Structure formats: structure tokens, C-alpha cells
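Here is a short report on a two-part reading: first single sites, then the contact between chains. Keep the viewer open while reading.

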Amino acid sequence: MLSAQGVGVARGGRVLLAGVDIAVPPGETVALIGPNGAGKSTLLHVLSGALSPDRGAVTLDDAPLADWHRTALARRRAVLPQAPALGFALTVREVVALGRSPHAGMSTPAADARIIDAALRQAGVAHLAGRAYPGLSGGERQRVQIARVLAQIVSAPGRGEAGGRYLLLDEPTNNLDIGHQQRIVTLARRLARRGGGVLAVLHDPNLAAACADRVVVLAGGTVITAGAPAAVLDAALMREVFGVRVRVYVDADSGRPFVRPV
Amino acid sequence: MAAVVTAADTGGDARERRRVIAIAAVFAALWGATILAGLSVGAVAVPADEVVTILARSAGLPVAPAVPAHETVVTVIRLPRVVLGTAVGAALALAGAALQGLFRNPLADPGLIGVSTGAGLAAATAIVFSAALTAVLPFLTPVLAVPAAAFAGGLAVTFAVYRIASTEGRTDIPTLLLAGVAVNAIAGAAIGLLVFVSDDQALRDLNFWMLGSLGGVTWARLAPVLAFIVVPALALMRFAGELDALLLGETEALHLGFDVERSKRRIVALCALAVGAAVALTGVIGFVGLVVPHLVRLSVGARHRLVLPLSAVLGSALLLAADLIARTVVLPAELPIGVVTSCIGGPFFLWLLIRRRGGEGG
């Protein structure tokens, strides 16, 4: 389990996070929602280990992140950035292959090649494999990055380490059309079904409600509420946190809520 | 369908590998040719086959001795120069490739972290005040003082630039770049001031030094410095994985399990060592570190596992070629090699920029 206990972060006298508890258990997809400036990205950075919190602790399988060897940690959790630019023109395949770096010495070129191929297919970018990354559209870049993080957390056959794999996704559906949004959501849920944990920062409460097992609502650097989408997303919360008046509908098939501003 | 795609991909992979090997072979052949030409061409022409015989003989093979005078020309005069050219060309190109990757900036060159101007300023100080220096410390002859000062100055200025850009153990790459630009401007002004107060002889020495030269090198001068150039330059090749990951960004490299801060520190330190030692012997040679990595990326892509070693080979070849031009076009005099590299490198770089702009427009 990847979890944070009592995490606090302050920068330049401004409190970004205060007393945040959050857990991403294996097998669950957790959506982190909240208004702009709520501290969602900061919390993602803290959970990834890129940012050390001023207070509290982040643990993976009960061991503090600081005690993990950086490459061992990298084999267990990957972070999807918001479609970064690239210093120089690598090909799509080369970008995805970077995901295999933490497996150096623990995998073979043939196993790496198979894992990279699979990741390219899953993210729907196999046809772009030979293209130069800088020439891609924003949505294509996003999918290539998804392929890269997928390739990062797969162990070579026979070299698998115990414990769940964790994906931290920062706005994974930005720049994506509805078809590709759905594809990413499906990928996340499939990973969760296989015992992985997914934390996704999402802007769209409806997407969160549709895909997450649990929704965590962050505002002003603290967790307002957390729970199953149907229990969390109601009109009062939407007015309080986002300042919008909404009507809440419930999907008859899934029982999941969706909201519409009125 | 899937099988067809896989087969096509594999075919593409094999083709790509063959292409890379062919390009590497071309670079290596160029390097070999420039070494041979460097040993054979000059005031006393030594035929290529005789050069090979002389080299075999110095390697201990029992071959027929060449004309004795030719042997001296090749092994005592030309060979140290060719070795120096190879080492310095490789070091400048490797440092350029590593720093362009680290800065994620195609305009980065070894000079950007302040090592060249730092070395230049210290060397200029040593040249202009050589009389005073020798008066105080008699053992410090200009032959010794200038390279020693250059090496120390290059390292000192790089360290200062690095410290300015670092807070709490983290180094901000954009700040490093800007600090380098600012410190280069300050050192440049100081060099200008030294030029202003120097006499004719010092001016001549200074000018020659600022434009670089492989001339006048002997085994005695080369031997103690060679390891300082070659070892850090070769050590840069171990950072190929880090540099590839850094192309994605620092946070992304961190998430991939790389110790980004340590890598940055080591890459800058290795570049400063290699370039500082190179500059100490040859003066400032521009454009090799800037242009060579671009040429390599154009031919084999951006993966540092290929870019770093091939930059070293091509850098050596180009510097040896430039030296060949520098010492033959105005015989019996010599052009500063920096004039040659800038003459070729400047227009080439412009062509590269125009070509790239055209590519983006299309």
C-alpha cells in the first residue's frame, strides 16, 4: 500500500498541504479531485517521493519512501507527467524504452523489447513507434508517456519483485478525446484489477465518479472528504468545494453519480 | 495483421542497426584518415606507408627502418600533436554533447559553464604578468604557469557558477545557464582589460592563446596533462542513461530512479576537468563542442549511448582536420586553429538553423 500520514508542506510561508492522510491500496483506483490550487499536484509530488514533506510521512508497504532504494522504488511506482516537451528528438519507441531504465541488470533486451511492444499497444501508439516524439500532437505525447510509465512498472519474466505496482497520474486525460480518455480509464482499472494501485489527479468530477473506486476531495490543502463516488459527490459538496450549483443524477446501470451545473 | 506489423518493425530495427554501424564506420574511417594525414602531411612530407612502418616500428615490430629523419618528424614532432588533437577533439565534443543533454539546450557548449573563459582569464593574467610572476616565483616559467593557471582558473570559475546556481543541494539548470552567461561576460570584460594594458609581445601570445593552437606540443608537455583530459572525458560516457532520462525532464528522471542531483554535479565536474585540462594546453577552441554533437544527432538520433562515443570520434577527426588546415594553408606560418574551426563551424551552424526553421515551417 502507498500511503501518506499527516503530510504537511509549506513553501515561502504559504501552507500547501496540512495534515493530509491518503492511502492507495493495491487493487483500487483512487481519484483526487479539487479546485485549482487545492494542492493536488503537490500531494502527487509528495506521494511520488519527488518532494519531501515538512511534516508527516509517506510509506510504501510500511517502509518510508526515503528508505527505498531509488531504482527499486522506480520499479514499483511510476508517475505520469503532463506531456512534457523533450530536449532532443528521441523516437516514440526510445521514449517508451526509457521506462525500462530502472530494470537495467534485471532484464534482458528481448524481455524489454516485448514489454515495450506491449506498452505501445496498450496505450494505442504502436503505429507511432518510429516517429519523432517532438513532432507529435499533445494527445499523442500524452499516450506515449502513458506507454512509458506502463513499461516502467512491469518486471521481466522471472525477475518480478513482490508487492503491488503503483501508478500516479497527473491529469492523465488532458488533451485526450473522449475515446482515448476512456482507453486510459480502462487501462488504469485493468491495472487495479491485477492488484496495482492507481491515483489519478482529475479535473472532471464526472470522470472521477465514473472510473474511481474511491474519490478523495482536496481543498485548501486538506482532505475535505473521501469515499465511494456515490457517497461523496453530492450537491452540497460541489457548492462548498467548487462553488457551483449542480444537480446530481445517478446512472441506472452502474449506480454511479454524475453532476450537471444548473 | 499483428504478425505483419511485428515483422516490419523487426526489419526496420535491423536496418536501423546496420545504418548506425555504417555511420560509426564512416566516422572511424574519417578519424583514421585524419590521423594518418596529420602524421604524413607537413613541411617534410612522409608517405603514408612510411608512416605506418614508423608506427609499427615504435610499437616494437621488427620492420625495416624508415629514413631516420622521417622517424623523428613523425614520432617526436607530429605524433604528440596528433595525440593532443585526438584527446582535445574528443573531450570538447563529449563535454558539448553531455552539457547539451544536461541543459536540454542545443546551444550549450563547454564554454557555457564558464570553464573556457575562466581558463582564458587566468591564462591571460599569467601571460600579461609573466615577467612579474617569474620575478616572484622563478620556477614558474610561462611554459608552466600559463597551462597551470588556465586549468585552475577554469575549475574555479565553473565551481563559482555552479555554487551560484545551487541552493540546499539542488542545482537549478536555467540559473546555471544564466550564471554561466553572466560570468562569461564578466571574465570577457576582464580579459579585454588585460588586452588593453598588455605590451606587444603579451598581446601576440594572448591573441594566439584565445584562438587556440595545437602547435608546439611535446611529449614532455603532453604526458602530465593527457590523463586529465582523457579520463574525465571517457567517464562522461557512463552517464548516457542519465542524460537520456534527463531529456524528459529532471522530475521524470528522478521518477525513473536516477539520482539527478548527483548526476548533474558529476557531469559538470567531469566537463570542467576535461575541458579545463584541454584548454590549458591548446587555448580556447570554439565550435567543436557545439557543432559535433549536432552532426552526430542528425545522423544517429538523440540516444546518448550512441551520441557520446560517436561525438568523441567525430570530434577527434574534425579537430585533426582543422589542425591540418591550420598548419598547412599559410606555410611556413600557422593559423590559430580556432580561426579554422569558427570559419567552418559558424556557417555550418547557421545552415543547421536555417534548415531546422525550414523543417518546422513544412
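Leaving aside neighbours within four places in sequence, which residues is B:Ser311 in contact with?

## A buried serine in chain B

The model is predicted. In it, B:Ser311 is in contact with B:Ala93, B:Ala97, B:Val292, B:Pro293 and B:Val296, once neighbours within four places in sequence are set aside.

B:Ser311 belongs to helix α14 of chain B, residues 304-328. Its relative accessibility is 0%. The cut-off for buried is under 20%, so B:Ser311 counts as buried.

## An exposed phenylalanine and its patch

B:Phe139 sits in a loop of chain B, between α5 (130-136) and α6 (142-164). Is B:Phe139 buried or exposed? The relative accessible area of B:Phe139 is 59%. Exposed means over 50%, so B:Phe139 is exposed.

B:Phe139 also helps to make a nonpolar surface patch. The other members are B:Val136, B:Leu137 and B:Leu144. The patch covers about 410 Å².

## A strand threonine in chain A

A:Thr59 lies in strand β4 of chain A, which spans residues 55-60. A:Thr59 has 9% relative accessibility. That is under 20%, so A:Thr59 counts as buried.

Which side chain does A:Thr59 meet in a polar contact of 3.4 Å? The partner is the side chain of A:Gln5. Beyond four places in sequence, A:Thr59 is in contact with A:Met1, A:Leu2, A:Ser3, A:Gln5, A:Pro64 and A:Leu65. A:Gln5 thus appears both in that contact list and in the polar contact.

## Where the chains meet

How much area do chain B and chain A bury between them? The value is about 2000 Å², with 64% of it on carbon and sulfur atoms. Three residues, B:Leu248, B:His255 and B:Leu256, supply 35% of the area that chain B buries against chain A. No other three residues supply more. By contact, 20 residues of chain B touch 25 residues of chain A.

The interface holds 2 salt bridges. One pairs the side chains of A:Glu94 and B:Arg303, at 2.8 Å from N to O. There are also 5 residue pairs in polar contact across the interface, both residues at pLDDT 80 or more. On the side of chain B that touches chain A, the elements giving two or more residues are α3 (68-103), α10 (240-246) and α11 (250-255) of chain B. The largest share of that side, 4 residues, comes from α11(B).

Key:
Residues are numbered from 1 along each chain as its sequence is written. Chains are lettered from A and ligands numbered from 1 in the order in which they are written. This is a predicted model: local features need pLDDT of at least 70, side-chain atom pairs count only at pLDDT 80 or more; totals for chains, interfaces and linings use all residues. Side-chain values use heavy atoms; hydrogens and water are left out. Buried means under 20% relative accessible area, exposed over 50%, partly exposed in between (1.4 Å probe, protein chains only). Contact means heavy atoms within 4.5 Å. Patches are made of residues with over 30% relative accessible area and no salt bridge: like charges are joined within 9 Å, nonpolar side chains (Val, Leu, Ile, Met, Phe, Trp, Tyr) within 5 Å. Accessible areas come from the Shrake-Rupley method with a 1.4 Å probe; for residues, only the protein chains shown count as cover. A salt bridge is a side-chain nitrogen of Lys or Arg within 4 Å of a carboxyl oxygen of Asp or Glu. A polar contact is a pair of N or O atoms within 3.5 Å; within protein, one must be able to donate a hydrogen and the other to accept it, and residues adjacent in sequence count only if both atoms are side-chain atoms. Buried area is the accessible area (1.4 Å probe) that two parts lose on being put together, summed over both.
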